[in-house]
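Open the model in your viewer and keep the selection panel at hand. This tour goes stop by stop, with something to select at each one.

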Amino acid sequence: MADVSAHYDGSAPSYHEQYDADLIWKNAEYPANYFRLQKVIEILRDRGVSSVYDLGAGEASPIIAIREALSVDIRASDLSPEMVRLGKDNLTRHNMDPDWLTLVDIKDMEAIKVEAGRLGQFDAVIALGVIPHVEDDEWFVKAMSLFLKPGGTLILQFRNSMFSMFTFNRLTKEFILEELMAPVPRKFRDVVEADLDQRLAVDKPPIRRREDGHGYDEILSKFNNPLELAEVVKSQGFFDLSYRWYNFHPTYPMVAGGIDAQEYRQGQIDLESDTSWRGMFLCSAGMIIATKAH
Ligand SMILES: C[S@@+](CC[C@H](N)C(=O)[O-])C[C@H]1O[C@@H](n2cnc3c(N)ncnc32)[C@H](O)[C@@H]1O
């Protein structure tokens, strides 16, 4: 498996573009992270937090936007040296302290404990786009909790495996055979597999590779089942859980090309305000919001 840090070192220089409001209509790729950040700011504002820790903060654009919107104390860390280098520049350019962002691997339990001991606890801890790259979900939530005050807010983003029930492609096949039918005998699954190979577009979606061999689909970039992840969060002493969905797909991706691109994007943006159950199937990503028990 290719290296997560090398992947993000490579994408660090253009990462800020995802948060550029002027590019919402111009970028070929839907700026899902822009909308995610608006929702995070709204949640933090509603909860009246005054300090935020960002795990896997990238080149600091989100945490800077959060401070500018809410005047909160911020601290952050990331695994990728290039993200951290650019993030420190970014903080300096915004008249903020570059030392607020440090280089830490969330998988390094000792380093995380030292960092949490050094910084103390915050009103909110966020991790956006990070858990897909870490195998151990339980440790991930535990690590977030170390930085969080009792009564504080956790915002945990994940790639949504339930979206595969709306994509009718290879991801659907994998979800049905490996997750939904996991307890069913192999013989039954073989029959279903042969049928799904006829019904589904199993050659889609294309695998995202990069010339240097560190493309997004070449590194660990796992999906989470939202219901299972919620159980992990609860098991680590959190309550009052809710979901917030983003990156809405008004049609399944492989037929989106049949609709005018601007009209399609407007359809995506319009759905971003939907807070119903539909997000669990129409969205490729979501966030769990939860409160840490006292
Ligand atoms: C999708 S990016 C998101 C960056 C930022 N949170 C944002 O919302 O713009 C994922 C980030 O997680 C970081 N990351 C991945 N694995 C990590 C780990 N084990 N420890 C700390 N950060 C990690 C990457 O370096 C990258 O900057």
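The stops below run from the domains to the ligand, then through helix packing to two backbone details. Keep in mind that this is a predicted model.

**Stop 1: the domains**

Colour the chain by its domain assignment. Domain 1 takes in 4–167 + 212–292, and domain 2 takes in 168–204. Place a marker at the C-alpha centre of each; the two centres of domain 1 and domain 2 are 30 Å apart. Now look at where they touch. Seven residues of domain 1 contact eight residues of domain 2. On the domain 1 side of that contact, three residues are nonpolar, four are polar and none is charged.

**Stop 2: the ligand**

Select the ligand and its shell. The shell holds 19 residues. Show G56, G58, L79, S80 and G129 as sticks, since these are the closest. What is the make-up of the shell by class? Its residues split into 10 nonpolar, six polar and three charged.

**Stop 3: α5 and α6**

Select residues 109–119 for helix α5 and residues 137–146 for helix α6. Their axes come within 9 Å and cross at roughly 20 degrees. How do α5 and α6 run relative to each other? The crossing angle is under the 35 degrees cut-off, so α5 and α6 count as roughly parallel. The crossing of α5 past α6 is right-handed. Show the side chains at the contact: M109, I112, K113 and A116 come from α5, while W139, A143 and L146 come from α6. By class, this contact of α5 with α6 has six nonpolar residues, no polar ones and one charged.

**Stop 4: α6 and α9**

Keep α6 selected and add α9, residues 226–235. The axes of α6 and α9 lie 9 Å apart, at an angle of about 50 degrees. That angle therefore makes α6 and α9 oblique to each other. The crossing of α6 and α9 is right-handed. On α6, pick D137, E138 and V141; on α9, pick L229, V232 and V233. These residues make the contact. The contact of α6 with α9 divides into four nonpolar, no polar and two charged residues.

**Stop 5: α2 and α3**

Move to helix α2, residues 32–46, and helix α3, residues 61–70. What angle do α2 and α3 make where they pack? The angle is about 40 degrees, and the axes are 10 Å apart. This makes α2 oblique to α3. The crossing of α2 and α3 is right-handed. Select L37, I41, L44 and R45 on α2. Facing them on α3 are P62, A65, I66, A69 and L70, which meet the α2 residues. The contact of α2 with α3 counts eight nonpolar residues, no polar ones and one charged.

**Stop 6: two backbone details**

Switch to a backbone view. Most residues other than glycine have a negative phi, and most peptide bonds are trans. Two places here depart from that pattern.

- Select N95. Its phi is positive, about 55 degrees, although N95 is not a glycine. Where does N95 sit? N95 is in the loop between α4 (81–93) and β3 (101–103).
- Select K204 and P205. The peptide bond that joins K204 and P205 is cis, with omega about -5 degrees. P205 lies in the loop between α8 (186–199) and α9 (226–235). K204 also falls within the bounds of domain 2, 168–204.

Technical notes: Residues are numbered from 1 along each chain as its sequence is written. This is a predicted model: local features need pLDDT of at least 70, side-chain atom pairs count only at pLDDT 80 or more; totals for chains, interfaces and linings use all residues. A residue is near a molecule or strand if its C-beta atom, placed from the backbone, lies within 6 Å of it. Ala, Val, Leu, Ile, Met, Phe, Trp, Tyr, Cys and Pro count as nonpolar, Asp, Glu, Lys and Arg as charged, and the others, Gly among them, as polar. Domain bounds come from an automatic or database domain assignment. Two residues are in contact if their C-beta atoms, placed from the backbone, lie within 7 Å. Axes are lines fitted to C-alpha atoms, for helices over the stretch in contact, and angles run from 0 to 180 degrees between N-to-C directions. Helices (H or I, at least four residues) and strands (E, at least two) are DSSP runs, numbered from the N terminus. Angles under 35 degrees count as roughly parallel, over 145 as roughly antiparallel, 65 to 115 as roughly perpendicular and the rest as oblique. A crossing is left-handed if the near helix is turned anticlockwise from the far one by less than a right angle, and right-handed if clockwise.
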